[in-house]
Amino acid sequence: MDIDIAGLPAERIVFETSPLAELGVALHALAEPGHHPGLHGWATATAASLEPCLADRLHEADFLWRHTFSDIFMPFAGLRGGDGRPGVTLAEDLDLLDRMDDERFVLAALEFVCSASYSTGGPSPLTDARTRARALEMAAARGPRQTEFTERLLADPAAVRAWTRRLFEDCEQAFFADTWQRVRVLLAADARHKTEILRRKGLGEALTAVSAALSLDESGSRIQADKLSQGRTTAVDPAVGAGLTFVPSHFGWPHLMILHAPGWRPVVHYPVGAPELPGPASVELLKLRLEALAHPMRLRLCRNIARSPYTTGELADANGITAPEVSRHLAVLKKAGLITTRRRGRYVMHQLDLTVVARLGSDFLEGILR
């Protein structure tokens with residue numbers, strides 16, 4: 001995923017906290033605790049404390065944050081002529097959401113059924129009959145709750161917007177006010193720290209500090225994100241207003257989310273305080289490793305060299321294949337970083353790197369959730 005920043009002045013790149021964006025990922029952590037193993041205690045305690053009525057209302061709309069992260073949680077990026085800065089309080093963020101026009105709100109709220117066209121945009125289902133029919137058809141495939149929500153949204157956007165605001169306000173009263181009070185100091189400190197890195201050391205260093213998955217290309221005109229999802233956006237669209245916003249998140253890990261909808265200001269929503277683990281494998285390296293292990297003979301070789309170092313000849317004898325065949329398989333495993341080799345006299349010994357293999361599960365999970 002790429003963000004075009006060619007010619008973007010440094011002062012148009014900002015690090016800001018957003019209560020509404022943080023509420024969104026907190027709701028996601030409640031709905032999908034398996035994505036956030038470090039938050040099990042918080043999620044369990046918070047879910048147990050919810051009033052049944054609020055829990056039911058959250059269940060009604062959880063597709064806005066469970067499987068996708070709706071852009072309604074970042075309204076500051078969707079306001080035409082805005083400065084790309086979130087509100088200081090949840091009420092201020094919700095005021096920004098109220099200022100968003102109906103068409104933009106509806107498209108953002110229907111992201112759970114329109115994700116295939118997210119990067120390309122398209123006509124509004126409020127005005128285009130074909131898009132409207134397609135949205136209803138996709139919602140029906142997701143289930144009755146999604147169908148009912150979509151029908152209500154298309155029939156009366158204002159009523160759904162008011163219902164959504166009340167829901168988020170009730171979340172603040174029930175649990176999020178205390179949660180935000182606890183994490184906002186951490187997030188504000190991180191935003192100040194990253195701003196200082198940007199000012200003193202430049203964007204490349206700031207990106208490295210934000211996430212190992214972000215980098216600046218050689219020309220310095222494009223930010224590249226190592227994510228499985230594909231997309232391109234620009235931070236220099238004059239119709240939107242040039243700028244790029246970085247938003248830190250306490251609840252976000254392992255997700256690195258990039259808002260890249262056409263006509264919206266790009267936003268990088270990044271996790272703060274990730275678990276102390278070795279750096280995650282890149283998407284390309286993860287792909288190489290999974291492909292390397294997909295071959296049955298290479299799995300058999302891994303079984304041998306997981307126990308102790310083997311020479312090429314020993315592996316050939318043990319598996320009934322020729323030494324050149326073993327060498328070809330070992331070359332694939334080595335390119336994927338799954339094995340180590342060392343020389344012992346005139347012999348070269350091959351051994352499975354157990355630390356790397358043990359990381360495969362978490363690398364895979366982080367790679368697909370990033």
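## Sheets, helices and cores

Trainee: In which order do the four strands of the open sheet that holds β2 follow one another?

Mentor: This is a predicted model, and everything that follows is a description of that model. The pairing in this sheet is mixed, and its four strands leave it open. Read from one edge to the other, the order is β2-β6-β8-β7.

Trainee: Why is one side of β2 (13–15) and one side of β7 left without a neighbour in the sheet?

Mentor: The explanation lies in position, since both β2 and β7 stand at the edges of the sheet. One side of each strand is therefore left free of a neighbour, because each of them has a single partner strand.

Trainee: By what angle are neighbouring strands of this sheet turned against each other on average?

Mentor: The value is an average for neighbouring strands, and the direction of the strands is ignored in it. On that basis, the turn between neighbours is 15°.

Trainee: Which residue in β8 is the bridge partner of Leu259?

Mentor: Strand β8 covers residues 267–271 and runs antiparallel to β7, to which three bridges join it. Within β8, the residue that bridges to Leu259 is Val267.

Trainee: What angle does the direction of α10 make with that of β2?

Mentor: Two helices are worth considering side by side here. Helix α9 packs on the sheet through contacts with β2, β6 and β8, and its direction makes about 150° with that of β2. Helix α10 (residues 203–210) also packs on the sheet, where it touches β2, β6 and β8. For α10, the angle with the direction of β2 is about 35°.

Trainee: Which strands stand at the edges of the open sheet that contains β4 and β1?

Mentor: That sheet has four strands in the order β3-β4-β1-β5, with mixed pairing, and its twist averages 20° from one strand to the next. Each edge strand has a single partner, so one side of it is left without a neighbour in the sheet, and these edge strands are β3 and β5 (232–234).

Trainee: Which residue in β4 is the bridge partner of Ile3?

Mentor: Strand β1 (residues 2–4) runs antiparallel to β4 (residues 222–225), and three bridges join them. By contrast, β1 pairs with β5 in the parallel sense over three bridges, with Asp2 opposite Arg232 in β5. On the β4 side, the partner of Ile3 is Ile223.

Trainee: Which residue in the turn of the β3 and β4 hairpin has a positive phi?

Mentor: Strand β3 (residues 214–216) pairs with β4 in the antiparallel sense over three bridges, and Ser215 stands opposite Gln224 in β4. Five residues separate the two strands of the hairpin, and the one with a positive phi, of about 75°, is Gly220.

Trainee: How many charged residues take part in the contact of α1 with α9?

Mentor: Helix α1 (residues 19–31) packs against α9 at an angle of about 110°, with the axes 10 Å apart, which means that α1 is roughly perpendicular to α9. On the α1 side the contact includes Leu20, Leu23 and Leu27, while α9 contributes residues including Phe168, Phe175 and Trp180. Sorted by class, the contact has twelve nonpolar residues, no polar ones, and a charged count of one.

Trainee: Which helix gives the most to the largest nonpolar core?

Mentor: The core has 85 residues, and those with the most contacts inside it are Leu27, Trp65, Phe168, Leu244 and Phe246. With 13 residues, covering part of its span 157–201, the helix that gives the most is α9.

Trainee: How many residues does the other core, with Leu315 and Val326, hold?

Mentor: It lies apart from the largest core and also includes Leu330 and Ile339. Its number of residues is 16.

Trainee: How many polar residues are in the contact of α13 with α14?

Mentor: The axes of α13 (residues 312–319) and α14 (residues 323–335) come within 8 Å and cross at roughly 110°, so α13 is roughly perpendicular to α14. Thr312, Leu315 and Ala316 of α13 meet Ala323, Val326, Ser327 and Leu330 of α14. By class there are five nonpolar residues and no charged ones, and the polar count is two.

Trainee: Is Gly252 buried or exposed?

Mentor: Gly252 lies in the loop between β6 (244–249) and β7 (257–259), and beyond its neighbours within four places in sequence it contacts Val25, His36 and Pro271. Its relative accessibility is 2%, and because the cut-off is under 20%, Gly252 counts as buried.

Technical notes
Residues are numbered from 1 along each chain as its sequence is written. This is a predicted model: local features need pLDDT of at least 70, side-chain atom pairs count only at pLDDT 80 or more; totals for chains, interfaces and linings use all residues. Side-chain values use heavy atoms; hydrogens and water are left out. Buried means under 20% relative accessible area, exposed over 50%, partly exposed in between (1.4 Å probe, protein chains only). Contact means heavy atoms within 4.5 Å. A nonpolar core is a set of buried Ala, Val, Leu, Ile, Met, Phe, Trp, Tyr and Cys residues joined through side-chain atoms within 4.5 Å. Axes are lines fitted to C-alpha atoms, for helices over the stretch in contact, and angles run from 0 to 180 degrees between N-to-C directions. Angles under 35 degrees count as roughly parallel, over 145 as roughly antiparallel, 65 to 115 as roughly perpendicular and the rest as oblique. Ala, Val, Leu, Ile, Met, Phe, Trp, Tyr, Cys and Pro count as nonpolar, Asp, Glu, Lys and Arg as charged, and the others, Gly among them, as polar. Two strands pair if DSSP finds at least two bridges between them.
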